[in-house]
Amino acid sequence: MLVLVAPGQGAQTPGFLTPWLDLPGAADRLGAWSDAIGLDLAHYGTEADADAIRDTAVAQPLLVAAGLLSAAALGDVVPGAVAGHSVGEITAATFAGVLDDKAALTLVRKRGLAMAEAAAITETGMSALLGGDPEVTIPHLEKLGLTPANVNGAGQIVAAGTLEQLAALEADKPEGVRRVVALKVAGAFHTHHMAPAVDTLAKAAEELSPGDPTVTYVSNKDGQAVATGAEVLSRLVGQVANPVRWDLCMETFKELGVTALVEVCPGGTLTGLAKRALPGVPTVALKTPDDLDAARALIAEHLN
């Protein structure tokens with residue numbers, strides 16, 4: 001049983017889209033999406049520096065566009081289940097037929113702008129904690145006023161809060177945590193700091209007509225499969241201010257009988273987590289078009 005997943009913010013790197021635009025039709029598709037949302041995706045994906053693509057309003061549509069381009073390059077693939085991490089949930093919603101490409105890019109553009117505006121109210125950020133026991137780490141974070149914004153499984157939790165709170169975490173790590181790594185994101189996503197973005201996104205969602213998922217769609221909220229497009233959209237809205245439970249998503253993959261996992265561009269983060277949390281499940285991360293043959297071979301072997 002094949003699971004197709006899409007990464008979240010922080011996976012982008014300067015120039016990562018460059019090789020993908022050499023594929024037939026890719027530049028034209030990206031150009032049409034750019035015109036639709038008023039953002040030069042080709043520029044940001046090929047020429048912009050790390051600071052420019054760290055901007056939430058840029059990073060989010062760029063990541064969804066990359067996921068859609070790379071998935072299209074795989075050909076007609078019908079996975080057993082789909083999921084995305086944070087903004088990757090919008091990419092996954094297109095894989096499941098809940099949104100079409102234009103609706104997804106329009107929604108993620110509004111999401112990125114709203115979250116960037118919310119992030120500008122207070123100086124906030126996120127840091128990954130490597131190692132440790134969640135039962136020890138989470139109460140420690142809450143004691144410092146931080147939110148466990150991403151519970152990723154495989155020994156990784158991402159804390160979010162003000163820069164002062166994150167500095168306090170550096171000085172006072174939870175027992176068992178080996179390292180605290182600041183992430184390349186511009187805000188405390190999936191926390192109460194994002195509450196102003198929820199209303200904006202809810203209004204944007206009202207303009208959409210979602211379809212029901214055509215494959216199993218696994219939600220960040222609680223790792224559960226969601227049956228209707230309306231519920232997927234509702235969860236996409238609320239999720240910007242609530243923690244990502246990727247650990248529960250991977251538990252659901254296990255329950256569904258996952259036998260292979262492919263992560264769309266810019267892949268690497270979620271396959272890394274899967275290798276630790278889903279031992280024995282083969283994975284392929286799409287980083288460049290050179291990875292397509294390996295992904296196609298894995299898909300051919302493991303499609304339902």
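So, how many bridges join β1 to β9, and do they run parallel or antiparallel? There are 4 bridges, and the two strands run parallel. Before I go on, a reminder that this is a predicted model.

Let's stay with β1 for a minute. On the β9 side, L2 stands opposite A260. β1 is also joined to β2, again through 4 bridges and again parallel, and there A6 has G84 as its bridge partner.

Now, how covered is this strand? Mostly covered: 5 of its 5 residues are buried. You can split them by face. L2, L4 and A6 sit on one side, V3 and V5 sit on the other, and they're all buried. As a reminder, side chains in a regular strand alternate between the two faces of the sheet.

One of the things packing onto β1 is helix α11, residues 246–256. Its buried residues are W246, D247, C249, M250, T252 and F253. Besides β1, those residues pack against β2, β4, β7, β9 and α12. Right after the helix comes G257, with a positive phi near 90 degrees.

Okay, aromatics. Searching the whole structure turns up 1 aromatic pair. The ring centres of W246 and F253 are 5.8 Å apart and the planes are at 80 degrees, so we call this pair edge-to-face. Both partners belong to the buried set of α11: W246 has a relative accessible area of 1%, and F253 comes out at 0%.

On to the pockets. The largest pocket has a volume of about 490 Å³. It's lined by 23 residues, and the closest to its centre are Q9, G10, A11, L183 and T269. β3, β4, β5, β6 and α12 each give two or more residues to that lining, with α12 giving the most, 3 residues. So what's the chemistry of that lining? We get 12 nonpolar residues, 10 polar and 1 charged.

The second largest pocket holds about 260 Å³ of space. Here 16 residues make up the lining, and A71, A72, G75, V77 and F95 are the closest to the centre. The elements giving two or more residues are α4, residues 56–73, and α5, residues 88–95. The largest share, 3 residues, comes from α4. By type, this lining divides into 10 nonpolar, 3 polar and 3 charged.

One last link back to the helix: α12, which gives the most to the lining of the largest pocket, is also among the elements that the buried residues of α11 pack against. That's what I have for today.

Note on methods: Residues are numbered from 1 along each chain as its sequence is written. This is a predicted model: local features need pLDDT of at least 70, side-chain atom pairs count only at pLDDT 80 or more; totals for chains, interfaces and linings use all residues. Side-chain values use heavy atoms; hydrogens and water are left out. Rings of Phe, Tyr and Trp (its six-membered ring) pair if their centres lie within 6.5 Å; planes under 30 degrees apart count as stacked, over 60 as edge-to-face and the rest as tilted. Buried means under 20% relative accessible area, exposed over 50%, partly exposed in between (1.4 Å probe, protein chains only). Contact means heavy atoms within 4.5 Å. Two strands pair if DSSP finds at least two bridges between them. On a 1 Å grid over the protein atoms alone, a cavity is a set of points where a 1.4 Å probe fits but cannot get out, and a pocket is an open set with protein on both sides within 12 Å along at least five of seven lines; lining residues have an atom within 4 Å of a point. Grid points are joined across faces, edges and corners, and a volume is the space filled by probe spheres set on the points. Ala, Val, Leu, Ile, Met, Phe, Trp, Tyr, Cys and Pro count as nonpolar, Asp, Glu, Lys and Arg as charged, and the others, Gly among them, as polar.
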